[in-house]
Structures are given as C-alpha cells and as structure tokens.
Amino acid sequence: MIEGWVTQNANSLLQPMQPVAFSRSLPQDALPTIEIDDNRTFQPIEGFGFALTGGSAYLLAGLPEADRADLLEELFGLSDASVGLSCLRLSIGASDLGRRDCTYWDLPPGTADPDLSRFNLAACDPEVVPVLQQILRINPAVKIIASPWTAPPWMKSNGSFVAGSLKPECYSAYARYFVKYVEAMRGHGIHVSAVTPQNEPHNPKNEPSMVMAATEQAEFIKGYLGPALRKGAPETEILCWDHNCDEPDYPLTVLGDAEARAYIGGVAWHLYSGSPEAMSVVRARYPAQKVYFTEQWVSAREDFMGALRWHARNVIIGALRNWSRTALEWNLASDPEYALHTPNGAVGAMGGVTIGATIKRNPGYYLMAHSARFIRPESVRVYSSEVDQLPNVTCLTPDSRMVMVVMNDAEGARRFRIQHQGAYATLELGAGDVATLRWNVATVLARSERAGAGRNTWSRRHSAAVPPMARPLTAHHRTKPASLDQPEDQSIWLASRSASSA
C-alpha cells in the first residue's frame, strides 16, 4: 500500500493522498512505469538541510524563548510533526549573510600570534554556537559541514575580506586555524564532520570571499591542512571544491594530485551554473570520493511553486541521482526585508523560513518537508528508472520502507505506474505536482495479493503534521537564547555583547 503527500500549489501543501494498493495482476493498459529494483543500491544518505548562517542564528536567537523552542523542534525534531532536518552547513567566520565581515582570528597589522591565543569564536556571529547547541539537544545526530568564506585578511594577498588569495607563507597558520576551529567547536559539544578549504573558490565578487586556484587548493591540502587535521582532528574530513557544477576540471585537478587526494574524503558542489551530472562525471573518475551537495539559494523574486519545482527537480532528485549524500539549501532563515547581509553579500536570499512578526514557511521549507522528513540518515538510494517528464528518486530507509520523491513535469495530469517486486500500483499527478510516496517493502507482496490496483484520488483535508504558512508570535523582541543557561554559552554571548557595546 502506497501512502503519499502532494504539493499542488502554494495553498495546497503536503496534502495526504488516498492510499493506493499494489497488485500482482499484470496491467492491461500501457502507462509510463517507474521500475524499482532494491537489489541495485547506490550511495547512503547522510542528511538534508540548510546553512545556519550568522544571520539565521541571529534571527533565531532573537525569538522569544518559547517560540524559538517550538520552531527548532518543528525543524529538527524526529516526530511525524517535524520536518526532520538532519544536516547543517556553517561558515568558518562570517558568510555574506551576516551582519559584518569577520573571522575568528582577526589581528591588527603587525601583530604576531603564533599560538592562536587571540582566536575567538565569540568575535564573529556569536549566536551560532548557542543556537546550534539548542538544535543538537533536539537531534544530537545532525551532521555539520563547515566552510570559510575567507581567511583572516592578514593572511591574504590584498589584506581585504573580499577577493585576494591566501599567501603561501600563511598556509601553515591557516591550517592551524582550521584545527583550532574544530577543537573550539568540540569544546562546546559540537562535532564538525567535514570542512572545505574554501567556499566558492572561483567567486571573488562575494563579501567575504577568497580566490583559490585548484593547484593552490591541492598544495594547501597535501602540505598543510591534511596533515594538520589528521593530527589534531582526525575525525573531520576534507571535501574539495565547494562550487558550481560547470567546472568539474577543478576537483579533477585537485584529486589528480595523489598526495592531496590521500587527505580528501569527497567533493562538495553548488548549482548556480552547470548541471548535476557533473557530480557523476567526477565520481566516475574517482569512485572512492564521496559526493556532497552543499548549497543552492532560493531567490525572493521566484514564485513559490516555480522555486519548489526547480529545487525538487535539481537539488533533491538531480543531486541524489548523481551520487550526492546530502541535499542542502542555502540560508535557514531570513528577515522580511532581506537586510541581514554584508555590503556586497547576496540580496534577496530567501530562507527556509522568514522570521518577522510571523514565521512564514517558504519553498525551501516544503522542499525539505518532502524529503528530510521521510528520507532519514542511513537510508540508501536504490534504482528507479528514469521516465520522461516524471523525474524521480527512490531510497530505502533504515526501517525498510521505500520513499520516492517524484514530480510531474508535463503540462497536464499524468497517470503512471510504480513497479516493485513484481507488483504494480497506479497513480496520477496533476501538472506540476510534487509528491512524496512511501510504502513498506516487507508487505508489498503480501498486501498486493489481497488488493487490486487503484487509481489515486486526492484528499483535500489538511495534514495535522504540516503547519500553516505563517503563525503569529508572542511579543517579539531580542532575547538571550535559551541555551545560554550553560556557563560556556554565557561567556560567548556576554563577551560579544561587551565587545559590541565598547
């Protein structure tokens, strides 16, 4: 029996579908058929989520305590009423969606600090750590990937937060900066699973930013970052690249250096240019390297369903069908005016939720509700056939259920079949519909013998597990995060407030 949830438009979100039975009777009419073969398995799934940017953490920290707790439980909880986000990306220092440019090791000109005694997590986006600790109390298994937007300016060729490159004489110091970051986060109970040497190394226009050529990245990894992490934080992997799918030659160059490759666990990708198939191209050359999709924004200018459909097709279906173990959107939260960004940072980056007088749930939220909620970590992608205008991806979950994300790319409604273990089920999706389907593997055959194939019809009732698009908040003001009850967290918050008021 297949149960399902479908999004048809901005007013019909994750609506439950009438269950559809499997039948072992051979179909008499020809319909497009998605064939499932759970004997053909591909990559394990490690998580779905967003970036907890400095701006996102600032907005979450500013919510009244009860509202913040409710929202984080809704986003990261493990119940059927939660989205179930399972992976987060962090910036090491500021990203472009923060209030200012900063790193954790900013030094005045001419200052020597060989022991990193001036390294300070509270110096930049101090809300990130306490908010993240609150998230980890809800789900301690959330996977964390961290990336710097820039090295401290004193390490760079132009001495600026924007553009420039890492000076060769600073490679060793920058590697120690990474290790210090991982150790400092560990001291707050936060395990950083993986780092990338540089976010978008071919983007000098962002703020902050830093350029890093492929040969420079290989040299930095093999001579400095790799050995330093292996000694000081061996549990943290290195992922190379962390930029678009239109330049597979970059990761191929980095991985082509055997000494660098010895320290690399995988490749990270974005999709502002190119196509997801580039991930498979690189993996085909280096199959031992894991694949991670780490960023894609939703523009405030996009219409709701246009954004949801594009991201379902490319970020969820496209990335997973091309070996990615994660599917991460960009910022977790944004403000209604999109004001939280650096002077030259991205304008109009719509978060998964918008936090203002109400909490509004945006396309990225529902994208994750269609995927993270059902495809839990340790699921495995299985074979599902490609069918024209029915893009799809299927995973086998740890509790032995099949989950398929599928959408109808046709201009009209389409009937189609799912074939699994010799049984058939017939469904129908309207034009542009995005659906998540789920069924129990162990009972497909047993139940199919007792029931005939049924055509799907839609239920208009709202699912109790899906919250409305917006809900009012209690008195909205900036408050200290609930997680600051821990002494170590208070030191971060109070030190940052003292510094900002000085």
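I began by fixing a term: a residue is buried when its relative accessible area is under 20%. I also noted at the outset that this is a predicted model, and I kept both points in mind for the entries below.

**Entry 1: helix 10**

I looked up helix 10, residues 363-371, and found that 9 of its 9 residues are buried, so this helix is largely enclosed by the rest of the structure. The residues on that list are Pro-363, Gly-364, Tyr-365, Tyr-366, Leu-367, Met-368, Ala-369, His-370 and Ser-371.

**Entry 2: helix 3**

I turned next to helix 3, which is mostly covered, with 9 of its 11 residues buried. Among the buried ones I wrote down Val-128, Val-129, Pro-130 and Val-131, and further along the helix Gln-133, Gln-134 and Ile-135. I then checked what this helix packs against, and found that helix 3 (residues 128-138) lies across strand 5 (87-91) and strand 6 (143-147), running at about 170° to strand 5.

**Entry 3: the barrel**

Which strands close into a barrel, and in what order? I found 8 strands, in the order 4-5-6-7-8-9-10-12, with parallel pairing. As a reminder to myself, strands of a sheet pair through backbone hydrogen bonds, either parallel or antiparallel. I looked at the pairing of strand 4 (residues 47-51) with strand 12 (residues 324-331), which is parallel and runs over 4 bridges; in one of the pairs I looked up, Gly-47 has Thr-326 of strand 12 as its bridge partner. I also followed helix 5 (residues 214-232), which lies across strand 7 (194-195), strand 8 (237-245) and strand 9 (264-274), at about 150° to strand 8.

**Entry 4: cysteines**

How many disulfides does the structure hold? I found 1 disulfide, formed by Cys-102 and Cys-124, whose sulfur atoms are 2.0 Å apart. The two cysteines are 22 residues apart, and both Cys-102 and Cys-124 sit in the loop between strand 5 and helix 3. The link is right-handed, with 65° about the S-S bond.

Is Cys-102 buried or exposed? Cys-102 counts as buried because its relative accessibility is 1%, which falls under the 20% cut-off. Its partner Cys-124 is buried as well, at 0%. I looked up two other cysteines and noted that Cys-245 is buried at 4% relative accessibility, while Cys-395 is buried with a relative accessible area of 0%.

**Entry 5: the largest pocket**

I recorded a volume of about 410 Å³ for the largest pocket. It is lined by 22 residues, of which Glu-277, Ile-317, Arg-321, Asn-322 and Glu-386 are the closest to its centre. Helix 8 (277-285), helix 9 (304-321) and strand 17 (380-384) are the elements that give two or more residues to this lining, and the largest share, 5 residues, comes from helix 9.

**Entry 6: cavities**

I searched the whole structure for enclosed spaces, and the result was 9 cavities of 30 Å³ or more. The largest cavity holds about 80 Å³ of space. Of the 15 residues that line the largest cavity, Leu-97, Asn-331, Ser-334, Asp-335 and Leu-340 are the closest to its centre. Which element gives the most to that lining? I found that helix 1 does, with 3 residues, and that helix 1 (54-61) and strand 13 (333-334) each supply at least two.

How values were computed: Residues numbered from 1 in each chain as written. Predicted model: local features only at pLDDT ≥ 70, side-chain atom pairs only at ≥ 80, totals over all residues. Heavy atoms only, no water. Pairing = 2+ DSSP bridges. Contact = heavy atoms within 4.5 Å. Axes fitted to C-alpha atoms, helices over the stretch in contact; angles between N-to-C directions. Disulfide = S-S within 2.5 Å. Buried < 20%, exposed > 50% of the residue type's maximum accessible area, 1.4 Å probe, protein only. 1 Å grid on protein atoms, 1.4 Å probe; cavity = no way out; pocket = protein on both sides within 12 Å on 5 of 7 lines; lining within 4 Å. Points joined across faces, edges and corners; volume = space filled by probe spheres on them.
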